Amino acid sequence: MLYFVRRAGFFLATLWAAVTLNFLIPRLQPGDPAQAMLNRLQGETTAVNPAQLEAIRKLLGTPDGNLLSQYWDYLGAICTGHFGVSYSYFPYTVTAMISSALPWTLILVGVTQMLSFAIGTLLGAWAAYRRNSRVDSVITLGSTFVGTLPFFWLALLLIFVFAITLNWFPDGGGYGGGSSPSWTWLFVSDAFQHSVLPAVALLITGPIGWIIGMRNNMVQTLGEDYARLARAKGLPRRRIALTYGARIAILPNVTGFAIALGSLLGGTVLVETIFNYPGLGRLLLEAVSNKDYPLMQALFLFTTIGVLTANFLADVTYGFLDPRVRRAEAV
Amino acid sequence: MTTTPETIDTEALRVTALDADASSRLPGWFVILWRNGKCRVGMLMLAAFIVIAVLAPVIAPYGPRLDEFGASEGPSAAHWLGTTARGEDVFSQLIYGARTSLIVGLVAGVLSTLIAMAVGLTAGYLRGVVDEVLSFFINLGLVVPVLPLMIVLAGYAPVKGLGLIIIVITVTGWAYGARIKRAQIITLRTRDYITAAKFAGDSTARIIAFEIVPNMISLIVVGFMGAALGAIGAEAGLAFLGLGDPQTVSWGTMLNQASLGGALTTGQWAWLVAPGLALALLITSFTLMNFGIDALSNPHLRED
């Protein structure tokens, strides 16, 4: 029980830290942040309209109030779900922009993450089962080699080969021009076609961490005393590998699953930008290049909260799966 | 990191290394790394990159930003990898790009290793409340999505430049190393020789600097290599997204300009392939070197 309480405490503390970080980052720049933003916006668009001014005030609180009261206002705005209005998509609120982009990223990342996990864990277990054989060296060396390839570069090459040269898939976007998002068969199959290349780009490098992690864990569990005992009892090799090796070796990968979500979200910024895919990552980069601070802040906050929640869930699952972590709270 | 089993008798190597260690520190290290075939290839590759970076003005046929050639030309005798959309020589940019990657890797790698050491060693050695607080920051650093954080930080920065990229990478990249070093020092701090040093009246700083750090040198080297590798990749990614200084010649900026400059549609594969390949080779050299360092630091990975 103590374990779950501690994990929940950590979750709440990180959540608070992330919210505070989000508050502090724009204020790290020297001088009055609201004025600095206004100056920069003026440089960009020559005139600042009242709506933008309003949005900046919302984002930063009253610039003349002290930091503490700004922080208080900020917390209040977040708790009531007021993230302000986007500069670059003016009449729309930040929340509306994010909720229209969220499903795209959720589906792309969710599917590729699960596939990566499944493929990687299976290959890693196979490599450990056939340790020191040719299968093992092909899998480990192969994944090490693929892991050295810069992943956004692979994505560019995918477009170059499969979209532009061979013309098998569309070269970007989330769906074809002319159609609008709806749950019709035509749209879904169109969106699927558009998502194949981004998904492949994520899947080439996605499983590598799982492969290596699973192989190393399982090699270790297969060397433990209980696995040795199972061998001495004359249990079939396959059964030892599955129920004595893989079952325990997979545990660290469960926590890894959530941590990988963070890096995968980073990867989607690159992939979505390259493929012009209408998800959160592209929205973040657009917000940065348009100096759309409210959108940028809210996106960062959303992503962080998402990753933190995933981490918390993984910790809880881990606690249920492995009684040892529940009892041993030492380290 | 993973390792395939070494055919060399690593135990004997370790003994020779320890013998060499007694006289001077570096050569023993070097012997172990050099005798590992993969590691040797990696070191030679890295040496080649360093030579290219240092001698860039001699090797490159033109200045990296000299834009007086025909725009978007394919590979030719005068321009081995063609020219950019602005009429710059791609090959010269590739040579100069090695400088940026190596500088970022070195500086950001050293800085984040130092932060990781300071935080990890303090937390692991002192334990108690200090450990709780520092561990919280380590864990926070581990779970916050790094690339979005980098993008947001880079988006707010008033000036774009290599220094900014290095700072952003350092600030976001130290947590993993800190966690590993903390775990290591926790196992080291209860050893007999540490207790002996304590009884002898040595100060905490002295114990950490002279008793503990020498015993985790290989871990620190691995940590540095990992951090440098991450920094090189992050610089390329940020520059590719257009968040770096467009005037800095780096492989990431080259890829950014190649994809913006229409290399995809005009079929200038050399402009597109070369920077990515260079990046992949540099990362490969680090990975190969890690095979040697891994075997050095983790005996479990060497057994049977």
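This talk goes through the interfaces, the salt bridges and one buried glutamine of a predicted two-chain model.

I'll start with the contact between the chains. Chain A puts 50 residues into it, and chain B puts in 46. Together chain A and chain B bury about 4,300 Å², and 79% of that area is on carbon and sulfur atoms. For salt bridges across this interface, the count is 0. For polar contacts, there are 2 residue pairs between chain A and chain B, with both residues of each pair at pLDDT 80 or more.

Which elements build chain A's side? Helices that each supply at least two residues of the side of chain A that touches chain B include α1, α2, α6 (134-148) and α7 (151-165). Further along the chain, α9 (208-222), α12 (251-275), α13 (280-289) and α14 (293-321) of chain A are also on that list. The most comes from α14(A), which gives 9 residues. Sorted by class, the side of chain A that touches chain B has 31 nonpolar, 14 polar and 5 charged residues.

Next, the contact inside chain A. The domain assignment splits chain A into domain 1, residues 10-80, and domain 2, residues 101-330. Where they touch, domain 1 of chain A contributes 15 residues and domain 2 of chain A contributes 11. The area buried between these two domains is about 1,300 Å², with 75% of it on carbon and sulfur atoms. Between domain 1 and domain 2 of chain A there are 0 salt bridges. The polar contacts there come to 1 residue pair, both residues at pLDDT 80 or more.

On the domain 1 side, α1 (2-24) and α2 (33-45) of chain A each supply at least two residues. Of the elements on that side, α1(A) gives the most, with 7 residues. By class, the side of domain 1 of chain A that touches domain 2 has 11 nonpolar, 2 polar and 2 charged residues.

So much for interfaces; now the salt bridges. How many salt bridges are there over all chains? The count is 8. I'll show three pairs.

The first is in chain A, on your screen at helix α13. E286(A) forms a salt bridge with R282(A), and their closest N and O atoms are 3.7 Å apart. Both residues lie in helix α13 of chain A, 4 residues apart, which is about one turn of the helix. E286(A) has a relative accessible area of 23%, so it is partly exposed. R282(A), at 21%, is partly exposed as well. Both values sit above the 20% under which a residue counts as buried.

The second pair is in chain B. The side chains of E88(B) and R65(B) meet in a salt bridge at 3.2 Å, N to O. This pair links distant parts of the chain: the two residues are 23 apart, and E88(B) and R65(B) both lie in the loop between α4 (56-59) and α5 of chain B. Are the partners buried or partly exposed? E88(B) counts as buried because its relative accessibility is 3%, whereas R65(B) is partly exposed at 22%.

The third pair is D131(B) with R127(B), where the closest N and O atoms are 3.1 Å apart. D131(B) has a relative accessible area of 6%, so it is buried. R127(B) is partly exposed, with 23%. This pair belongs to a network of salt bridges that links R127(B), D131(B) and R182(B).

Now back to the E88(B) region, for the glutamine. Q93(B) is in helix α5 of chain B, residues 90-126. Its relative accessibility is 1%, so Q93(B) counts as buried. What does Q93(B) touch, leaving out residues up to four places away in sequence? The list is P64(B), R65(B), T84(B), E88(B), V249(B) and M254(B). Two of those names, R65(B) and E88(B), are the salt-bridge partners from the second pair.

Last, chain B as a whole. Chain B has 15 helices and 0 strands. Of its 304 residues, 52% are buried. Among contacts in chain B with a separation of 6 or more, 68% are between residues 24 or more positions apart.

Conventions. Residues numbered from 1 in each chain as written. Chains lettered and ligands numbered in written order. Predicted model: local features only at pLDDT ≥ 70, side-chain atom pairs only at ≥ 80, totals over all residues. Heavy atoms only, no water. Domains from an automatic or database assignment. Contact = heavy atoms within 4.5 Å. Buried area = accessible area lost by both parts, 1.4 Å probe. Salt bridge = Lys/Arg side-chain N within 4 Å of Asp/Glu carboxyl O. Polar contact = N/O pair within 3.5 Å; in protein donor to acceptor, adjacent residues only side chain to side chain. Nonpolar A, V, L, I, M, F, W, Y, C, P; charged D, E, K, R; others polar. Buried < 20%, exposed > 50% of the residue type's maximum accessible area, 1.4 Å probe, protein only.
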